Amino acid sequence: MSNGKTVMIPLLIEKYLRQYSDPAHPLSIMDMQKLLEETGRKAERRTIYASLEALKENGETIHMVKKDRKTGYYMERVFRQEEIFLLCSDLSDSTALSETTITTMQEKLKSLLSVHEQKQVPSLPPFVAAHQSIDLLPSIHLLMDAIASTRPITFRYFDLDCYRQRVYRKNTYRMVPYAIASQNGKYYCILYSFTHRDFGNYRIDKMDDIVVEEKTVPSVPFNLADHMRTSFQMYHGHSQTVTCRFDLSFAGYVYDHFATKDIIISHVDDTGFTASLRTAVTPTLISWIMQFHDRIEVLEPVQLKQQLFTHGKQIYDQYRKEFNDESEN
């Protein structure tokens, strides 16, 4: 046998173990010999043993088992079947990727299993989430590169109007990315602003024309855990329909704070729009509405209006005496 064919044998053995072997389907030495013969190669048993030892020395974990009185071998996988299934299931719910990219990534994950295990992975239901037509992967790749080297980026940022049309902000931003985080199905880049000397969160799906600069800049202290605790609001609890009248300029805020599938806009005019939202009525939501009381009017449910009235009255009563005394003086 030529040297070229001999060198190929360990590589082919590794391929066969990855493709066909698992704990329930170990490959015997004879199995490997037959697979090699299908490619026009022959190998003695000692050659295959030597190939297995070479793979082990290279860091691969290969188990030897006895099944039906036969000795066989299988290669340990990075992921188990149930782990692959959960990862594929989570991908199905991603709103950051197109259906085509999700399907491709799921197939890549399944290819980490043997052909036998792939058949045993349960089928996933058809896509139901509103996937994007443009993937975030190229943007995330650029941002990860900039984060690793502490290089500034420039980008354009847009909001959505009532008709879900892009409205770009006037300025081109120049900032330094420090981390990428996900919250409620949305992906954010955490960026440091030279102007404000502080960190801010920017939706990656609303960042356009990202350019990574060549020169690096000195880093500033940053703790991702602390930032996540103080910068992201969450709305957990029993969902119900909340209908509000919003100022026309508030469309972007609504789309930022609630999933698109949970928003139904029923009326739009020159000054505002009416939207029904599926959300949990929590103290965080109430605080958010009160913060923007001049741009939000709750129409339904009555219970939420009552809660807002109660909170407002409590605040009024708390400070009424102080300011009444001042006016009398």
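**A four-stranded antiparallel sheet**

In this predicted model, threonine 243 sits opposite glutamate 300 in β12 (strands are DSSP runs of E of at least two residues and helices runs of H or I of at least four, both numbered from the N terminus). That strand pairs with β9 in the antiparallel sense, over four bridges; two strands count as paired if DSSP finds at least two bridges between them.

On to β11: residues 239-247 make up β9 and residues 272-280 make up β11, and the two run antiparallel with nine bridges between them. Serine 239 has alanine 280 of β11 as its bridge partner, while threonine 241 is matched with arginine 278 in β11.

Put together, the four strands form an open sheet, ordered β10-β11-β9-β12 and paired antiparallel. β10 (263-268) and β12 (296-300) are at the edges with a single partner strand each, so one side of each has no neighbour in the sheet. On average, neighbouring strands here are turned by 30° against each other, ignoring direction. Helix α10 (residues 283-291) packs on the sheet and touches β9, β11 and β12, with its direction at about 130° to that of β12. Contact means heavy atoms within 4.5 Å; axes are lines fitted to C-alpha atoms, for helices over the stretch in contact, with angles from 0 to 180 degrees between N-to-C directions.

Residue numbers start from 1 along each chain as its sequence is written, and side-chain values use heavy atoms, leaving out hydrogens and water. Local features need pLDDT of at least 70 and side-chain atom pairs count only at pLDDT 80 or more, whereas totals for chains, interfaces and linings use all residues.
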